[in-house]
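Here's a quick tour of a protein model, made for someone just getting started. Have the structure open and follow along as we go from strands to rings to confidence.

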Amino acid sequence: MHTSMARLTVDTTNSGASSKSLVFCVYVSGHGWGHATRANQLIFDILKLPAQHKVFVISNASDFIFQGVIQVGAIYRQADIDAGVVQPLAYTVDRDQTITNLKLFLERRPETLRSEVKWLEEIGADCVICDAPFLPCAAAAQAGIPAAIASNFTFDEVYNGLCEGDELDQEIRQMVETTIEDYRHADLLIRLPGAIRIPSFDDTENLVPVTPITGTFPPEKKKKGVVNGKMNLPCTSQSNVRSSHNNNKKRFERRIIDVPLVFRKYHTEREKVLQGLGIPKDVYDTHKILLLSFGGQALGKGGWVDPLPNGWICIVCCAPDGVTLPRNFYRASRDAYVPDLTNAADVVLGKLGYGTCSECIGHGTPFVYVPRPQFIEEYGLLKLMHDQGSAVELTRQDFEDGYWGEAIEKASKLSGRCDEPERLVAHNGGQIAAQTLEQFVIEWNQSNRSPLDQVTEEAAASIPLEAL
């Protein structure tokens, strides 16, 4: 490492906050709701900073899920900015269609890249944040602005996890190399809890899972930290992977920052939430409550006869219109605020996605999960749930057949929280990430556009992250 390279710093008191209003462009994958829900929290925290930054949110997901941040000033733009993953059901992956979609997206890559670079330049963007499309990182580099990834995984590992030892594997690996190359244009990784390996920043085997994986952790990787094997957060480390920039004068040192939990908190008290769903008081006072939530994705065929244990009722998120719900089931509205429901429930049943896991941990709600082994992100999140929350497995077959009772009862006896106070993860990851991104833009510009000896006293006086 050359001593002339700038190292990202942070002031956790925010005393070194930017006085200049910046333009942040947050690119959010349209795959599932988890990316959008956590991106929303990060956007809220950026908009709360004193400098009154401007935030664009760019996604191929509907603006419906971004209404909260749009109402407080974020500007939504629909764009086809990632290929995502095709999931016929919340817990299955269509491998062939996912690969086909990625191939088509990469064929359009030159045109899409030109379009994004032009747009970034037109609006005067200062920074690109990706959760977790890859192409916008390359667009930022061509536009001459910094890019950051804010996620617990990147899609290169997801696609790599689709290798099955057949003739498609070589094609998958070739496409994965393109995605990694784009991600390597980012100079900052804000690594969220529940991470798996992110090859564009860290290509070593460390305390988080690495693909391909069997689903079990070797003994040396079972060590419990707060999250991602770290004992103190925020925690900073140097990336061991070089940038994709073809600029020998580049002086900014690529960094990884592990942050606490980024999640949405509940707004409405439990009793008011349940009343709003039309559940009689004498019912919710005498029954335990299950929340059935699969992150906005399809629930399957339904048709369960009586899957609940005695003394339970169930609230269903995104129930298909054509599905008749069984007795003791209540349908939540399409625009229901899920953290309110998570806080009101005794147990959540769903898939291992970041949004559900983080909100269960944040609200201390035990979780019953249906595994989706084709989606590699699951392994980092399962470790997070075992370290910081409570998780019980329900097989796909038992879920579809309506045999839920045993898993629900088992989960209801758990606390939903980490039982070791010294390892409890903090809940201010969004605030820390927002302040870090603000400082990142300042220091990136100083190191890339100004001589290092002109770095301001304010930046030089900031506290190094590794000293926290």
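Strand E7 (residues 188–191) runs parallel to E9, and 4 bridges join the two. Keep in mind that this is a predicted model. E9 also has a partner in E8, but there the pairing is antiparallel, again over 4 bridges.

**Around strand E9**
- Want a specific spot to look at between E7 and E9? Find Leu189, which stands opposite Ile256 in E9.
- On the E8 side, Cys235 has Asp258 of E9 as its bridge partner.
- In a regular strand, side chains take turns between the two faces of the sheet.
- You can see that in E9: Arg255 and Ile257 point one way, while Ile256 and Asp258 point the other way.
- Buried or exposed, those four E9 residues? All of them are buried.

**The six-stranded sheet**
- Another spot to check out is an open sheet of 6 strands, ordered E12-E11-E10-E13-E14-E15, with parallel pairing.
- Strand E12 (329–331) and strand E15 (391–393) are at the edges with a single partner strand each, so one side of each has no neighbour in the sheet.
- Going from one strand to the next, the twist averages 25°.
- Strand E11 (residues 312–316) and E12 are parallel and joined by 3 bridges.
- One of the pairs to look for there is Cys314 with its bridge partner in E12, Phe329.
- Helix H14 (residues 405–412) lies across strand E10 (288–292), E11, strand E13 (347–350), strand E14 (367–369) and E15.
- Relative to E15, H14 runs at about 165°.

**Rings and charges**
- The model has 14 aromatic pairs.
- One of them is Phe252 with Phe440: the ring centres are 5.5 Å apart and the planes are at 70°, so this pair counts as edge-to-face.
- Phe252 is in the loop between strand E8 (235–238) and strand E9 (255–258), and Phe440 is in helix H15 (residues 429–449), so the pair ties together parts that are 188 residues apart in sequence.
- Both Phe252 and Phe440 are buried.
- Which residues form one aromatic cluster? Tyr91, Phe294, Phe329, Phe399 and Trp404 do.
- Phe329 may ring a bell: Cys314 has it as a bridge partner in E12.
- Arg38 has its charged end over the ring of Tyr354, 4.8 Å from the ring's centre.
- Arg254 does the same sort of thing with Phe201, where its charged end sits over the ring, 3.9 Å from the centre.

**The whole chain**
- The protein chain has 16 helices and 16 strands.
- Of its 468 residues, 59% are buried.
- Take the contacts with a separation of 6 or more: 70% of them are between residues 24 or more positions apart.

**How far to trust it**
- The mean pLDDT of the protein chain is 87, and 84% of its residues reach 70 or more.
- Over residues 1–5, though, the pLDDT is below 50, and this stretch has 7 contacts in the model beyond near neighbours in sequence.
- Residues 450–468 also stay under 50, and the model gives them 34 contacts beyond four places in sequence.
- Where pLDDT is low, don't read the predicted coordinates in detail.

Technical notes
Residues are numbered from 1 along each chain as its sequence is written. This is a predicted model: local features need pLDDT of at least 70, side-chain atom pairs count only at pLDDT 80 or more; totals for chains, interfaces and linings use all residues. Side-chain values use heavy atoms; hydrogens and water are left out. Two strands pair if DSSP finds at least two bridges between them. Axes are lines fitted to C-alpha atoms, for helices over the stretch in contact, and angles run from 0 to 180 degrees between N-to-C directions. Contact means heavy atoms within 4.5 Å. Rings of Phe, Tyr and Trp (its six-membered ring) pair if their centres lie within 6.5 Å; planes under 30 degrees apart count as stacked, over 60 as edge-to-face and the rest as tilted. Buried means under 20% relative accessible area, exposed over 50%, partly exposed in between (1.4 Å probe, protein chains only). A charge sits over a ring if NZ of Lys or CZ of Arg is within 6 Å of the ring centre and within 35 degrees of the ring normal. pLDDT is the predictor's confidence in each residue, from 0 to 100.
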